[in-house]
Amino acid sequence: MATFLYKVGRLAFRKRGYVALIWAVLLGLGIFGAATATPATSSSFSIPGTEAQKAFDLLEQRFPASNAEGATARVVFDVPDGQKVTDAAHKAEVEKIVGELKAGSDQVASVTDPFTANAVSKDGSTAYISVSYDEASANLTDGTKNALEKAGKHAEASGMTVAIGGDALQAMPETGATEVIGVVIAAVVLVITFGSLVAAGLPLLTALIGVGIGVTSITALANVLDLGTTTSTLAMMIGLAVGIDYALFIVSRYRAELAEGRKPEEAAGRAVGTAGSAVVFAGLTVVIALVGLAVVNIPMLSKMGFAAAGTVVIAVLIALTLVPAMMGFAGRRIMGRKARKAAAAAERPDAKPNAGTRWARFVLRRPVWVLVVGVLGLGAIAVPAASLEMGLPDDGSQPKSTTQRQAYDMLSDGFGPGFNGPLMIVVDTQHSSDGKVAVQQVSDEIESLGHVEAVTPAVFNKAGDTATITVVPKDRPSSAGTEELVHQIRDAGQQIKSDTGAEVLVTGATAMNVDFSQKMNDALLPYLGLVVGLAFLLLMVVFRSVLVPLKAALGFLLSVVAALGAVVAVFQWGWLASLLGVEQTGPIMSMMPIFMVGVVFGLAMDYEVFLVTRMREAHVHGETPHQAIETGFKHGARVVTAAAVIMIAVFGGFIGSTEAMIKMIGFGLAIAVFFDAFVVRMAIVPAVLALLGKRAWWLPRWLDRALPNVDVEGEGLRKHLPADEGELNRV
């Protein structure tokens with residue numbers, strides 16, 4: 001691999017004009033495709049194999065007139081204290097708005113009058129109009145949305161408070177200025193690391209080009225592939241972080257080669273042949289982990305994984321081709337004055353040890369203490385993970401400034417917290433001798449259960465073989481009580497089916513969330529086993545060791561569990577919630593554990609590869625285990641530290657998003673990178689290696705012969721280079 005990449009690096013350096021032109025054309029095609037593509041419809045959320053999805057599919061078959069994927073809206077009215085919505089003036093205003101909504105757009109399927117649909121609270125302070133549309137929210141015209149927004153303006157003028165809930169006015173998530181701040185921090189770190197604006201700007205430029213190609217491609221294909229609105233945001237988050245890091249490693253190695261006196265083209269070839277090999281391996285681990293999300297068998301999550309993996313592939317290809325091409329344009333200007341002085345100082349025997357060497361020596365003097373403090377510290381932070389509750393965010397997690405959140409709160413106050421998450425009970429009476437009796441038995445059974453606020457009369461389809469019942473829970477949609485109610489209804493349905501032959505299915509957004517969380521719970525351990533097992537095998541190939549991969553996999557698990565503990569403490573318990581802009585605590589997003597395992601696994605292997613491969617190479621060439629650890633930190637600590645800070649800054653930038661899911665993922669990934677890079681890789685790893693000594697690099701002979709030699713470190717490259725070129729610095 002190293003020899004092939006060496007040739008690729010030299011070719012890209014020589015043909016830099018053509019390489020830059022190819023990537024510029026690809027970026028242009030992506031922008032053109034995104035600009036001319038048909039706007040994406042709302043991504044359909046399906047969970048194959050679950051009861052909620054089965055009921056949803058049955059509704060589409062038996063109630064064809066109701067567009068289950070059509071947008072909905074609730075126009076909620078709240079009157080001042082001492083007044084009622086049923087007062088003549090308020091009632092007339094609400095009824096007038098009902099008429100305006102019916103005539104406001106030809107995309108409107110139905111509008112309910114709150115005074116005839118029992119949509120007025122018991123105390124008369126709150127009422128709502130339900131609006132259904134023929135089209136999904138992404139397909140609603142501006143005229144339709146404007147008509148909905150203007151509907152309540154007259155009511156506000158008359159003294160009523162009006163808010164609009166539902167997905168009809170669903171807006172794209174905003175990330176705010178913090179995302180830009182993340183990129184600015186990355187730029188500052190690069191300038192400090194390299195001491196050169198040219199060297200600092202190169203990774204940023206190439207990463208932005210890669211992200212631009214990835215995100216515009218996702219936008220262009222969003223309608224065709226049915227991609228959700230958060231897919232491009234997550235792809236941008238991951239693509240930007242790894243894009244900067246991969247370019248950072250290549251540029252850092254290129255500067256080291258120049259400092260040894262090699263010609264720029266030769267330095268570029270060696271940089272891509274050595275650091276590039278590690279980039280390929282690190283990128284491969286991220287891609288496999290993201291693509292592996294498909295094993296969960298949830299289309300939305302699979303598409304997110306594939307899209308993010310695509311941006312990582314682009315980042316790797318850019319690091320191997322565009323980065324050396326840009327280094328060709330920069331030439332020796334990529335070396336700042338301080339860098340040249342530092343290189344000269346490094347050649348002197350009396351040169352002072354750098355910060356990485358000093359830290360390694362500190363760990364080597366006290367390996368047991370460092371190991372104990374690191375493990376116990378992360379273990380303590382991981383404790384909240386034992387209280388993990390999973391669910392999906394709803395309008396209750398939106399910022400309080402949004403009309404969706406205001407409508408959610410008004411409905412909760414007027415009708416009870418469970419009103420925002422009603423359960424849809426679908427009763428299939430096709431195999432029942434008396435369908436009406438069976439449906440009545442279902443209603444009576446549900447009313448006798450706890451956590452039930454109200455049960456609406458059953459509605460049959462035209463064929464009379466299917467009925468729907470709406471159940472309003474007492475508790476909010478994401479509460480444990482509502483989840484228990486879903487399971488109680490399903491348990492009762494099993495008995496009813498055996499008695500009457502009627503099949504009882506529970507669906508609706510709340511039931512879908514319960515099933516989604518359950519499916520993610522069931523998939524977590526198999527996926528974790530897949531990822532950790534893959535990590536062990538791949539690292540065994542790279543490091544030619546058994547204990548080093550085992551240590552890497554266990555360290556990865558420790559950092560992930562600690563990160564989950566921090567997420568629970570902030571987003572579920574509310575610690576530091578106001579500081580991070582979390583306005584509503586609640587269950588952790590169901591996909592968070594699996595998503596963190598997939599992404600953090602790949603990122604953790606980046607640091608493991610770039611630190612430990614240099615240690616292994618030094619040990620192979622005769623250094624003692626302690627000397628090898630010092631050598632690894634001397635050459636790799638500064639770059640790995642910069643890479644980790646950049647990733648933390650990029651991920652942390654997304655904490656400013658108004659979308660609860662993006663905010664949570666940004667925080668989770670940022671804190672996970674912090675734990676893994678600075679506690680696990682920079683402290684626990686050298687402590688464990690110091691305690692193991694030579695045993696760390698033990699590998700049975702038969703296994704050594706059986707494992708393929710991927711040559712991540714570029715060892716095979718020596719055979720194809722002139723002897724007088726000197727020894728290669730390992731990554």
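Two strands count as paired if DSSP finds at least two bridges between them. In this predicted model, four strands form an open sheet on that basis. Their order is 2-3-1-4, and the pairing is antiparallel. Strand 2 (108–111) and strand 4 (161–166) stand at the edges. Each has a single partner strand, so one side of each is left without a neighbour in the sheet. On average, neighbouring strands of this sheet are turned by 20 degrees against each other, direction ignored. Strands of a sheet pair through backbone hydrogen bonds, either parallel or antiparallel.

The pairing of strand 1 (residues 72–78) with strand 4 comprises six bridges. These two strands run antiparallel. Within this part of the sheet, Phe77 has Val162 of strand 4 as its bridge partner.

Helices also lie across the sheet strands. Helix 4 (residues 88–104) lies across strand 1, strand 2 and strand 3 (126–133). Helix 4 runs at about 10 degrees to strand 3. Helix 16 (residues 403–415) lies across strand 1, strand 3 and strand 4. The angle between helix 16 and strand 4 is about 105 degrees.

Attention now turns to a single residue, Pro203, found in helix 8 (residues 197–225). Pro203 has a relative accessible area of 0%. Buried means under 20%, so Pro203 is buried. Leaving aside neighbours within four places in sequence, Pro203 is in contact with Leu190, Phe194, Ile244, Ala247, Leu248 and Val251. Val560 lies 357 residues from Pro203 along the chain. The C-alpha atoms of Pro203 and Val560 are separated by 28 Å.

Note on methods: Residues are numbered from 1 along each chain as its sequence is written. This is a predicted model: local features need pLDDT of at least 70, side-chain atom pairs count only at pLDDT 80 or more; totals for chains, interfaces and linings use all residues. Side-chain values use heavy atoms; hydrogens and water are left out. Axes are lines fitted to C-alpha atoms, for helices over the stretch in contact, and angles run from 0 to 180 degrees between N-to-C directions. Contact means heavy atoms within 4.5 Å. Buried means under 20% relative accessible area, exposed over 50%, partly exposed in between (1.4 Å probe, protein chains only).
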